[in-house]
Amino acid sequence: QVQLVESGGGLVHAGGSLTLSCAASGRIFTINDMGWYRQAPGKQRELVAVITSGGSRNYADSVKGRFTISRDAAKNTVYLQMNSLKPEDTAVYYCNAAGRVTGNSGSWDTWGQGTQVTVSS
């Protein structure tokens, strides 16, 4: 019903920057929270940042001051600006969003396919 498509991952040197994008499409009536998660090899998936429909933001302690989450409601898109990247930021980054379908007839909670971010030392 709703799809999330991520882009913007890649390889960067430590100290560099990347911006991830995640666009939602489909039977969207509303979008509530939109967030970014990441999963490194051998580790559990963890929350990186989340932004509510009202614009409130929360970040993992490990990325505070370096990452910024934002959203464009008109484009149904969430962004993650990542600065001062560290090798420990290397992971597959996943977008997640939830909301109501068109006609307010049900809810959805969807994950993107993931995008690889690799930070070399």
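How many helices and how many strands are there in the protein? In this predicted model, the protein contains 0 helices and 11 strands, and the order of elements along the sequence is β-β-β-β-β-β-β-β-β-β-β. The radius of gyration is 14 Å, close to the 14 Å that the globule rule gives for 121 residues, so the protein is as compact as a globular protein of that length. The C-alpha trace spans about 50 × 25 × 25 Å along its principal axes.

Of the 121 residues, 40% are buried. The area exposed by the protein amounts to about 6100 Å², and carbon and sulfur atoms account for 48% of this area. When contacts between residues at least 6 apart in sequence are considered, 56% of them join residues at least 24 apart.

The N-terminal part of the model was examined through strand 1, which comprises residues 2-7. In a regular strand, side chains alternate between the two faces of the sheet. In strand 1, Val2, Leu4 and Glu6 form the covered face, whereas Gln3, Val5 and Ser7 form the uncovered one. Strand 1 runs antiparallel to strand 3 (residues 18-26), to which it is joined by 6 bridges. Within this pairing, Gln3 has Ser25 of strand 3 as its bridge partner.

Ser7, which also belongs to strand 1, has a relative accessible area of 38% and is therefore partly exposed, as this value falls between the limits of 20% for buried and 50% for exposed residues. Beyond residues up to four places away in sequence, Ser7 touches Thr19, Leu20 and Ser21. Ser7 is also separated from Cys22 by 6.5 Å, C-alpha to C-alpha, although the two are 15 residues apart in sequence.

Cys22 takes part in a disulfide, of which the structure holds 1. The bond is formed between Cys22 and Cys95, with the sulfur atoms 2.1 Å apart. Because the torsion about the S-S bond is about -80 degrees, the disulfide of Cys22 and Cys95 is left-handed. Cys22 is located in strand 3 and Cys95 in strand 9, so the pair ties together parts that are 73 residues apart in sequence. Both Cys22 and Cys95 are buried.

Charged side chains were considered next. A search of the whole structure yields 4 salt bridges. One of the residues involved in salt bridges is Asp89, which is situated in the loop between strand 8 (77-82) and strand 9 (91-101). The relative accessible area of Asp89 is 1%, so this residue is buried. With residues up to four places away in sequence left aside, Asp89 touches Arg38, Arg66, Phe67, Ser84, Val117 and Val119.

Two of these contact residues, Arg38 and Arg66, are salt-bridge partners of Asp89. The side chains of Asp89 and Arg38 meet at 3.0 Å, N to O. Since Asp89 lies in the loop between strand 8 and strand 9 and Arg38 in strand 4 (residues 28-39), this pair ties together parts that are 51 residues apart in sequence. Arg38, like Asp89, is buried; the relative accessible area of Arg38 is 7%.

In the salt bridge of Asp89 with Arg66, the closest N and O atoms are 2.8 Å apart. Arg66 lies in the loop between strand 6 (57-59) and strand 7 (67-72), and Asp89 in the loop between strand 8 and strand 9, so the pair ties together parts that are 23 residues apart in sequence. Asp89 and Arg66 are both buried. Salt bridges with shared partners connect Arg38, Glu46, Arg66 and Asp89 into one network.

Within this network, Arg38 also forms a salt bridge with Glu46, at 2.7 Å from N to O. Glu46 has a relative accessibility of 36% and therefore counts as partly exposed, whereas Arg38 is buried.

Conventions:
Residues numbered from 1 in each chain as written. Predicted model: local features only at pLDDT ≥ 70, side-chain atom pairs only at ≥ 80, totals over all residues. Heavy atoms only, no water. Helix = DSSP H or I, 4+ residues; strand = E, 2+ residues; numbered from the N terminus. Buried < 20%, exposed > 50% of the residue type's maximum accessible area, 1.4 Å probe, protein only. Contact = heavy atoms within 4.5 Å. Pairing = 2+ DSSP bridges. Disulfide = S-S within 2.5 Å. Rg over C-alpha atoms; globule rule 2.2 N^0.38 Å. Areas by Shrake-Rupley, 256 points an atom, 1.4 Å probe, with all protein chains shown as cover.
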